[in-house]
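Hi there,

As promised, I am passing the structure along to you. Please have a look at it below, and then read on for what turned up.

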Amino acid sequence: MNELFDSFMKVVVSLAVKEGLLVEEDGVILDPQTIDLVNEIEEMNRQQAIDKALATGDKKLFMQLTTQKDGEINCETH
């Protein structure tokens, strides 16, 4: 009975991913809203780093943060 349930759940999850209700990222199933939230947090952190670079006059950091490509994350902190 457990195998039947597992098979059923795999089909349900697969359909949800195909329909865009769920997202599979590196083998992990996520709600698309979770990904949106993470992207918002990353952008807020980037904006804070830009503000810090401007406030401290760190031209190098400012240029790194403002010229990076979409989706590219700079994990360096100063």
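Let me begin with one residue, Gln-33, which sits in helix H2, the stretch covering residues 32–56. Please keep in mind throughout that this is a predicted model. Gln-33 is exposed, since its relative accessible area is 60% and the exposed class begins over 50%. From Gln-33 to Val-23 the sequence separation is 10 residues, while their C-alpha atoms are 9.7 Å apart in space.

**The overall layout**

The protein is built from 3 helices and 2 strands. Following the chain, you will meet them in the order α-β-β-α-α. Of its 78 residues, 8% count as buried. The exposed surface comes to about 6,700 Å², and carbon and sulfur atoms supply 58% of that area. If you look at contacts with a separation of 6 or more, residues 24 or more positions apart account for 6% of them.

**Helix H1 and its nonpolar patch**

Helix H1 takes in residues 2–19, which makes 18 residues. Its first and last C-alpha atoms are 26 Å apart, close to the expected 26 Å at 1.5 Å a residue. After H1 comes Gly-20, with a positive phi near 85°.

Which residues make the nonpolar surface patch of about 370 Å²? They are Phe-5, Phe-8, Met-9 and Val-12. One of these, Met-9, belongs to helix H1. Met-9 is partly exposed because its relative accessible area of 33% falls between the 20% and 50% limits.

**The loop between the strands**

Strand E1 (23–25) and strand E2 (28–30) are joined by a loop that contains Asp-26. This residue is worth a click in your viewer: Asp-26 has a positive phi of about 55°, although it is not a glycine. Asp-26 is also exposed, with a relative accessible area of 76%.

**Helix H2, from end to end**

At the N-terminal end of H2, Asp-31 acts as a cap. A side-chain oxygen of Asp-31 lies 2.9 Å from the backbone nitrogen of Gln-33, the exposed residue mentioned at the start.

The 25 residues of H2 should span 36 Å at 1.5 Å a residue, and its end C-alpha atoms are indeed 36 Å apart, so the two values agree. Beyond H2 you will find Gly-57, whose phi is positive, near 75°.

Ile-35 is another residue of helix H2. Is it buried, partly exposed or exposed? With a relative accessible area of 23%, Ile-35 is partly exposed. Setting aside neighbours within four places in sequence, Ile-35 is in contact with Val-23, Glu-25 and Leu-30. For one of these partners, Glu-25, the sequence separation from Ile-35 is 10 residues and the C-alpha to C-alpha distance is 9.7 Å.

**The salt bridge**

Side chains of opposite charge can pair when their charged atoms come close. How many salt bridges does the structure hold? There is 1. The partners are Glu-43 and Arg-46, and their closest N and O atoms are 3.0 Å apart. Where do these two sit relative to one another? Both are in helix H2, and because they are 3 residues apart there, about one helical turn separates them.

Both partners can be placed on the accessibility scale too. Glu-43 counts as partly exposed, at 36% relative accessibility. Arg-46 also counts as partly exposed, at 23%.

If you want a short tour when you open the file, try these stops:

- Met-9 in helix H1, as part of the nonpolar patch with Phe-5, Phe-8 and Val-12
- Asp-26, for its positive phi
- Asp-31, for the cap on H2
- Glu-43 and Arg-46, for the salt bridge

Happy browsing, and best wishes!

Notes:
Residues are numbered from 1 along each chain as its sequence is written. This is a predicted model: local features need pLDDT of at least 70, side-chain atom pairs count only at pLDDT 80 or more; totals for chains, interfaces and linings use all residues. Side-chain values use heavy atoms; hydrogens and water are left out. Helices (H or I, at least four residues) and strands (E, at least two) are DSSP runs, numbered from the N terminus. Buried means under 20% relative accessible area, exposed over 50%, partly exposed in between (1.4 Å probe, protein chains only). The expected span of a helix is 1.5 Å times one less than its number of residues. Contact means heavy atoms within 4.5 Å. Accessible areas come from the Shrake-Rupley method with a 1.4 Å probe; for residues, only the protein chains shown count as cover. Patches are made of residues with over 30% relative accessible area and no salt bridge: like charges are joined within 9 Å, nonpolar side chains (Val, Leu, Ile, Met, Phe, Trp, Tyr) within 5 Å. A salt bridge is a side-chain nitrogen of Lys or Arg within 4 Å of a carboxyl oxygen of Asp or Glu. A polar contact is a pair of N or O atoms within 3.5 Å; within protein, one must be able to donate a hydrogen and the other to accept it, and residues adjacent in sequence count only if both atoms are side-chain atoms.
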